[in-house]
Amino acid sequence: MIQLFKVCKSYGTNKALDDINLRMRKGEFVFITGPSGAGKTTLLRIIFGTARPTSGQILIDGINLSRISRLKLDLLRRKIGFVFQDFKLLNSKTIFQNVALALEVTGERPGIIRKKTHQALRAVGLSGKEKAFPLELSGGEQQRVAIARAIINEPMILVADEPTGNLDPDITKEIMVLFRSVNLRGTTLVIATHNRELLKDTGQRIIALDKGRVIEERIG
Amino acid sequence: MIIRLWIYFFRSAFSNILNNPLIHLISIGTITISMLLFGAFMLLSMNLNNWIREWGESLSMSIYLKDGVDEKAKKEIESAIKKFKGAEIKGFITKDQAMINLKEGLGEQAGLLEGLEEMALPESFEIIFKDRSDNSVDPKLIKSSLEKMKGVDEVQYSQQWIERFEGVMDMFRVVGLAIGGLLCVAVLFIISNTIKLTIYSRRDEIEIYKLMGATDWFVKIPFLIEGATQGLLSGIAALVMLNLAYSVISLKAINLFGLPVINIAFLSVQGSIFIICLSLVLGVAGGFISIGRFFKS
């Protein structure tokens with residue numbers, strides 16, 4: 001599903017990623033961990049296509065991201081959900097509108113958008129909050145909205161960057177349960193975190209980065 | 001799906017205009033003033049052109065006589081005039097009549113002529129050539145032929161004025177084009193900056209749209225519609241204001257220095273459509289400039 005070959009990424013003289021070779025299978029649940037500045041976010045951005053590697057190749061579902069046109073990249077992104085640490089919700093839009101946005105950009109029929117948006121909000125336990133605005137919700141609820149928006153297109157890959165970074169332990173557990181349920185439906189999950197608690201007894205693959213290099217791969 | 005997308009684009013553009021009414025009103029107002037100036041220039045230029053064309057279609061000529069010309073010479077001149085094809089003598093202006101005409105022409109300033117009663121204005125024949133459609137009348141040739149006759153002092157014809165005036169008109173056209181060009185650049189600048197402001201106020205939204213997989217055109221089209229709407233509304237507002245000004249001032253006919261009457265007409269349908277289309281095109285172009293710059297950066 002995701003393949004990286006000798007991927008390097010530099011910002012000026014600073015090497016964010018150095019010679020990364022990785023392979024993630026369809027339906028796999030992978031944690032990327034490491035200290036701040038290890039290259040976790042850069043790796044996720046490269047997988048999502050918002051950053052281009054300085055050298056190396058990335059294949060997503062057999063498509064080489066370095067040879068893809070801008071339009072095709074936009075279309076591919078519809079198959080990849082992204083959950084951000086800061087949620088990236090539009091505060092001027094309702095919860096329903098925020099989630100529906102991911103389908104609106106695809107030109108989907110309004111009836112289907114309504115139906116799928118309600119389903120996605122139900123899946124993350126936010127039925128009844130459709131008309132609320134993001135700032136009226138707690139941090140955990142806002143993250144659920146972000147997850148609902150990321151899964152509404154039934155993506156083949158879901159990428160999450162520190163999705164529980166701003167949340168308390170109880171809500172973190174709830175969010176992780178939600179991610180597992182998404183993974184059980186066949187979506188490949190890649191989650192970046194520096195939260196060691198989150199990695200305990202997961203039974204999932206953990207890739208540790210430091211200074212832009214893979215230093216360890218293990219099952220948690 | 002295409003219709004659905006366009007409904008979405010229009011809804012998105014109009015809701016953005018309604019969400020930022022002040023900035024759009026200021027922009028539309030400024031563009032309206034620019035287009036109003038542009039339209040006023042067009043109106044003025046069109047009417048002056050029409051006036052010159054109408055004037056040129058009939059040729060009038062004044063044959064000034066030397067002082068003390070006897071009746072016999074006058075008769076010879078009169079018969080010579082009648083020999084020219086299409087020539088019609090409108091009248092013979094005596095010295096007294098010439099003074100009366102001058103006083104009438106000066107109007108309130110006629111007092112300037114007090115004490116100049118003795119000033120000898122020349123007698124003249126006023127002639128007109130009708131139907132010059134076959135271009136058989138050559139005013140220059142007639143002028144030189146009449147000026148050779150005994151008793152004729154000078155011959156002046158209306159086209160001399162037209163020729164001089166056409167030079168002024170050419171200059172007017174060049175100045176008009178330059179001002180029109182500058183106004184277009186100003187409109188482009190205003191629209192592109194207004195849209196740039198709305199783009200920057202919505203950059204987070206654009207970023208999220210792009211992260212969700214929106215294509216560039218999906219993001220760009222609502223902004224282009226915004227620009228087009230601004231241009232269209234400004235063009236219509238400018239035309240309405242120009243028409244109102246035309247009706248209120250109601251200078252339908254101007255008599256200038258005794259020259260043929262200028263019948264002021266409003267812009268033709270094509271002229272009006274041109275202003276609206278120009279405004280619309282400038283709106284879309286302004287949108288293109290700002291959104292293009294944003295995507296580049």
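Modeller: Two strands pair if DSSP finds at least two bridges between them. The model discussed here is predicted.

Biologist: How many bridges join strand 1 of chain A to strand 2 of chain A?

Modeller: Strand 1 covers residues 2–11 of chain A, and it runs antiparallel to strand 2 of chain A. One residue with a partner in strand 2 is Val7(A), which is bridged to Ile20(A). The number of bridges joining strand 1 to strand 2 of chain A is seven.

Biologist: Which strands of chain A stand at the edges of the open sheet?

Modeller: The sheet is open and has four strands, paired antiparallel in the order 2-1-4-5. An edge strand has a single partner strand, so one side of it is left without a neighbour in the sheet. In chain A, the strands at the edges are strand 2 (14–24) and strand 5 (63–64).

Biologist: Is helix 3 of chain A parallel or oblique to helix 4 of chain A?

Modeller: Helix 3 of chain A spans residues 95–104 and helix 4 of chain A spans residues 110–123. Their axes come within 9 Å and cross at roughly 125°. An angle over 145 degrees would count as roughly antiparallel, and 65 to 115 as roughly perpendicular. The crossing angle therefore makes helix 3 of chain A, relative to helix 4 of chain A, oblique.

Biologist: How many nonpolar residues has the contact of helix 3 of chain A with helix 4 of chain A?

Modeller: The crossing of these two helices of chain A is right-handed. From helix 3 come Phe96(A), Val99(A), Ala100(A), Leu103(A) and Glu104(A), which meet residues of helix 4 including Ile113(A) and Lys116(A). By class, the contact of helix 3 with helix 4 of chain A has one polar residue and two charged ones, and its nonpolar residues number seven.

Biologist: Which helix of chain B gives the largest share of the side that touches chain A?

Modeller: In chain B, 14 residues are in contact with 15 residues of chain A. At least two residues of that side of chain B come from each of helix 1 (2–19), helix 7 (203–211) and helix 8 (216–249). By class, the side has nine nonpolar, two polar and three charged residues. The largest share, four residues, comes from helix 7 of chain B.

Biologist: Is Ser15(B) buried or exposed?

Modeller: Ser15(B) lies in helix 1 of chain B. Its C-alpha atom is 10.0 Å from that of Pro222(B), 207 residues apart along the chain. A residue counts as exposed at 12 or fewer C-beta neighbours within 10 Å. Because Ser15(B) has 11 such neighbours, this residue counts as exposed.

Technical notes. Residues are numbered from 1 along each chain as its sequence is written. Chains are lettered from A and ligands numbered from 1 in the order in which they are written. This is a predicted model: local features need pLDDT of at least 70, side-chain atom pairs count only at pLDDT 80 or more; totals for chains, interfaces and linings use all residues. Two residues are in contact if their C-beta atoms, placed from the backbone, lie within 7 Å. Ala, Val, Leu, Ile, Met, Phe, Trp, Tyr, Cys and Pro count as nonpolar, Asp, Glu, Lys and Arg as charged, and the others, Gly among them, as polar. A residue is buried if 20 or more other C-beta atoms lie within 10 Å of its own, exposed if 12 or fewer, and partly exposed in between; C-beta atoms are placed from the backbone. Axes are lines fitted to C-alpha atoms, for helices over the stretch in contact, and angles run from 0 to 180 degrees between N-to-C directions. Angles under 35 degrees count as roughly parallel, over 145 as roughly antiparallel, 65 to 115 as roughly perpendicular and the rest as oblique. A crossing is left-handed if the near helix is turned anticlockwise from the far one by less than a right angle, and right-handed if clockwise.
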